[in-house]
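Hello,

I am passing a structure on to you, and it is shown just below. My notes on it follow.

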Amino acid sequence: MTRLILASQSPARTKLLTEAGIEHEVLVSDVDEEAVQERYGVTDPHDTALLLARAKAEAVASLPEAEGALVLGCDSVFEFDGESHGKPYTVDVARQRMLRMSGSSGILHTGHWLVDCRDTDEDGGSGATLGSVASAEVHFMEMQLAEIDAYIATGEPLHCAGSFTIDGLGGAFIRKVDGDPHAVVGLSVSTLRSLLAQANVSITEFWQDLPDSANPGEL
């Protein structure tokens, strides 16, 4: 059976794959994101997301545990007023960003990079190493300072690109999304499907039974 490894420690990404019925393993890379960006110089938010996704995928693909598997690396970068925003990490940075974002909009870029570690002779591997970026414009509602401080106090935005989530408490401040909503979560399933197809693999190979708690609602 073909194995898929997610080279990310993001709970949101693995939750998204699980709820989509996609069987996968998680193997976290030890990539120093700042060092990677310094090595390649200043790039725009779109290219930065792809660069970091590639670095994570290739780092995990080089490990013995990845032999015979397909490795997916992902990274998200928020573009606001032409600037790149990753994780804020501190309360002051998060507050400053969210005050600027209130009532405005920005673009969340999620880079995806797939490395085929299967043997090209024995396992039918493609030798593929390829990537793509899924982007979506996020429109924010007006936010009160008290709401922003209460949100930051939960700790949720401190480790999220752009200082917000759409699948958690931060969803209360998002008015609409133009583009792939999964890209805002941090992993576009449709983009994954396209990358797998280029490696001659169907996403249906990874489908598994959904957990009892994940019953899709009726339309």
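Where is Asp121 found? Before the answer, please note that this is a predicted model. Asp121 sits in the loop that runs between strand E5 (105–116) and strand E6 (129–140). Its relative accessible area is 71%, and Asp121 counts as exposed because that value is over 50%. Asp121 and Lys87 are 34 residues apart in sequence, and their C-alpha atoms are 41 Å apart in space.

A second loop residue, Met141, lies between E6 and helix H5 (145–153). Is Met141 buried, partly exposed or exposed? With a relative accessible area of 39%, Met141 is partly exposed, because partly exposed covers values between 20% and 50%. Met141 and Ser105 are 36 residues apart in sequence, with 9.0 Å from C-alpha to C-alpha. Setting aside neighbours within four places in sequence, Met141 is in contact with Ser102, Gly103, Ala172, Phe173, Ile174 and Arg175.

Now to the pockets. The largest pocket holds about 1,100 Å³ of space. Its lining is made up of 40 residues. Those that lie nearest the centre of the largest pocket are Arg13, Lys87, His159, Cys160 and Ala161. Lys87 is thus named twice here: it lies among the residues nearest that centre, and it is 41 Å from Asp121, C-alpha to C-alpha.

Which elements each supply at least two residues of the lining of the largest pocket? They are helix H1 (11–19), helix H2 (33–40), helix H3 (45–61), strand E3 (69–80), strand E4 (83–85) and helix H6 (181–185). H1 gives the most, with four residues. Sorted by class, the lining of the largest pocket has 15 nonpolar, 14 polar and 11 charged residues.

The second largest pocket holds about 240 Å³ of space. Its lining consists of Ala35, Val36, Arg39, Tyr40, Asp47, Leu50, Leu51, Arg54, Ala55, Glu58 and Trp113. H2 and H3 each supply at least two of these residues, and H3 gives the most, with six. How many residues of each class are in this lining? Seven are nonpolar, none is polar and four are charged.

H2 and H3 also each supply at least two residues to the lining of the largest pocket.

Regards

Technical notes. Residues are numbered from 1 along each chain as its sequence is written. This is a predicted model: local features need pLDDT of at least 70, side-chain atom pairs count only at pLDDT 80 or more; totals for chains, interfaces and linings use all residues. Side-chain values use heavy atoms; hydrogens and water are left out. On a 1 Å grid over the protein atoms alone, a cavity is a set of points where a 1.4 Å probe fits but cannot get out, and a pocket is an open set with protein on both sides within 12 Å along at least five of seven lines; lining residues have an atom within 4 Å of a point. Grid points are joined across faces, edges and corners, and a volume is the space filled by probe spheres set on the points. Ala, Val, Leu, Ile, Met, Phe, Trp, Tyr, Cys and Pro count as nonpolar, Asp, Glu, Lys and Arg as charged, and the others, Gly among them, as polar. Buried means under 20% relative accessible area, exposed over 50%, partly exposed in between (1.4 Å probe, protein chains only). Contact means heavy atoms within 4.5 Å.
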